[in-house]
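Hi everyone, thanks for making time. I'd like to walk you through a structure that is probably new to most of you, so have a look at it first and then we'll go through it together.

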Amino acid sequence: MMKNLPPPQELLDDLCSRFVLNVPQEDLESFERILFLVEQAHWFYEDNCVETNPSLKSLSLREFTILMFKGCTALRPYIPHINDIYKDFTTYKFRVPVTGAIILDESCERCLLVKGWKSGSSWSFPRGKKSKHEEDHDCAIREVLEETGCDISAFLKQGDFIETVIGEQRVRLYIITGIRKDTIFAPQTKKEISEISWIPIDDLQSSGGDSVSRTANGLKLYMVAPFLAYLRAWILKSYPGSLRKSYYKGTTCLWKTKINSSASSIQVNQPEQLKRSPTKPAAKVTVETQPDFIHRPGESFKNFKFDMKKILQAVDGVFDAVN
């Protein structure tokens with residue numbers, strides 16, 4: 001069986017139909033929103049298509065975005081500007097507000113950290129980007145549930161949070177107490193979190209405002225150090241007598257992905273309940289014509305204004321062609 005094959009056009013058509021064409025009109029109002037849709041399609045491709053069909057090639061988001069623009073009729077005219085579009089999107093992502101939670105154990109001596117999926121990933125507090133119109137606390141509840149399987153809605157107090165700005169990104173983390181040390185954690189998303197652990201706060205070292213730091217025993221941390229001074233001050237104020245020298249030694253692993261080296265499958269020690277982005281199937285749309293609009297030879301993307309009406313006309317034309 002051949003391996004590392006690019007996704008066939010039929011699959012790209014299906015992904016375009018599911019994630020790009022069948023969306024509310026407001027989600028097509030800018031390239032930023034469209035690329036968030038493409039990102040969801042990429043997650044679905046990696047989590048489901050590649051996993052069930054090992055012959056398919058695993059793609060970076062950039063590689064997948066280029067294929068989607070080439071394969072989707074409504075997006076194809078923008079291919080000459082794809083480099084600028086993708087660059088602007090990655091810049092925009094680092095300005096989207098992030099919310100999450102600093103989860104403390106019953107003694108307030110340990111906090112919960114999660115490790116990313118990719119090799120060499122850092123440890124961080126569970127957190128993620130806000131969706132459109134989503135409240136900060138709702139985003140924190142959603143992200144923590146997705147990354148750890150823990151529902152913090154009954155423990156979250158909207159006034160207990162630490163907020164800082166890192167680069168151009170606002171990051172707000174709610175402080176959560178009352179979570180038992182024997183709570184069973186397991187992410188509800190695929191290929192996003194590889195490990196979950198309780199880590200003594202004493203092991204976390206402040207590094208000024210640096211986003212990247214390390215624990216006393218060398219674990220790489222991301223977006224942890226900027227919150228530590230405020231966290232310690234909050235604990236001392238809210239729970240006087242806490243933060244005494246911890247008798248805990250090292251991390252306590254609560255959940256870890258198990259890789260089966262003899263097969264292409266991935267096993268976990270807790271059942272996963274949800275896909276990363278559940279999406280209802282949609283009718284497949286296959287088109288052969290390309291509408292003549294938007295791109296003009298030699299036109300600079302930086303001086304080009306996104307025209308939602310034209311792309312909506314293209315989408316309508318797609319459905320008219322298949323109905």
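Okay, so before anything else: this is a predicted model. Let's start with a hairpin. Strands β5 and β6 make one, with two residues between them. If you look in the turn, you'll find Gly-167, which has a positive phi of about 70 degrees.

How do the two strands of that hairpin run? They're antiparallel, with β5 covering residues 161-166 and β6 covering residues 169-176, and six bridges join them. If you want a spot to find on screen, go to Ile-162, which stands opposite Leu-173 in β6.

Now zoom out a bit. The hairpin belongs to an open sheet of four strands, in the order β4-β1-β6-β5, and the pairing is mixed. Which strands sit at the edges? Those are β4, at 127-129, and β5, and each of them pairs on one side only. From one strand to the next, the twist averages 20 degrees.

Over at the β4 end, the partner is β1, residues 98-103, and those two pair in the antiparallel sense over three bridges. Here the pair to look for is Thr-99, opposite Gly-128 in β4. There's also a helix packing on the sheet: α6, residues 225-238, which touches β1, β5 and β6. The direction of α6 makes about 160 degrees with that of β5.

Right, on to the other helices. Let me begin with α2, residues 31-52. It has 22 residues and reaches 30 Å from its first C-alpha to its last, close to the 32 Å expected at 1.5 Å a residue. Where does α2 bend? At Tyr-45, by about 35 degrees.

So who does α2 pack against? One partner is α1, residues 9-21: the two axes come within 9 Å and cross at roughly 130 degrees. That angle is why α1 counts as oblique to α2. The crossing is right-handed. On the α1 side the contact is made by Leu-11, Leu-15, Arg-18, Phe-19 and Val-20, and the α2 residues include Leu-37, Phe-44 and Cys-49. Tyr-45, where α2 bends, is in that contact too.

α2 also meets α4. Their axes come within 10 Å and cross at roughly 85 degrees, so this pair is roughly perpendicular. From α2 you get Phe-31, Glu-32, Leu-35, Phe-36 and Glu-39, and from α4 you get Ile-85, Tyr-86, Phe-89, Tyr-92 and Lys-93.

Last pair: α3, residues 61-71, with α4, residues 82-93. Those axes come within 11 Å and cross at roughly 135 degrees, so α3 and α4 are oblique to each other. Again the crossing is right-handed. Leu-61, Arg-62, Thr-65, Ile-66 and Phe-69 are the α3 residues in this contact, and among those from α4 are Ile-82, Asn-83 and Phe-89. Keep an eye on Phe-89, by the way: it's in the contact with α3, and it meets α2 as well.

That's my tour. Thanks for listening, and I'm happy to take questions!

Notes
Residues are numbered from 1 along each chain as its sequence is written. This is a predicted model: local features need pLDDT of at least 70, side-chain atom pairs count only at pLDDT 80 or more; totals for chains, interfaces and linings use all residues. Side-chain values use heavy atoms; hydrogens and water are left out. Two strands pair if DSSP finds at least two bridges between them. The expected span of a helix is 1.5 Å times one less than its number of residues. The bend at a residue is the angle between axes fitted to the seven residues ending there and the seven starting there. Axes are lines fitted to C-alpha atoms, for helices over the stretch in contact, and angles run from 0 to 180 degrees between N-to-C directions. Contact means heavy atoms within 4.5 Å. Angles under 35 degrees count as roughly parallel, over 145 as roughly antiparallel, 65 to 115 as roughly perpendicular and the rest as oblique. A crossing is left-handed if the near helix is turned anticlockwise from the far one by less than a right angle, and right-handed if clockwise.
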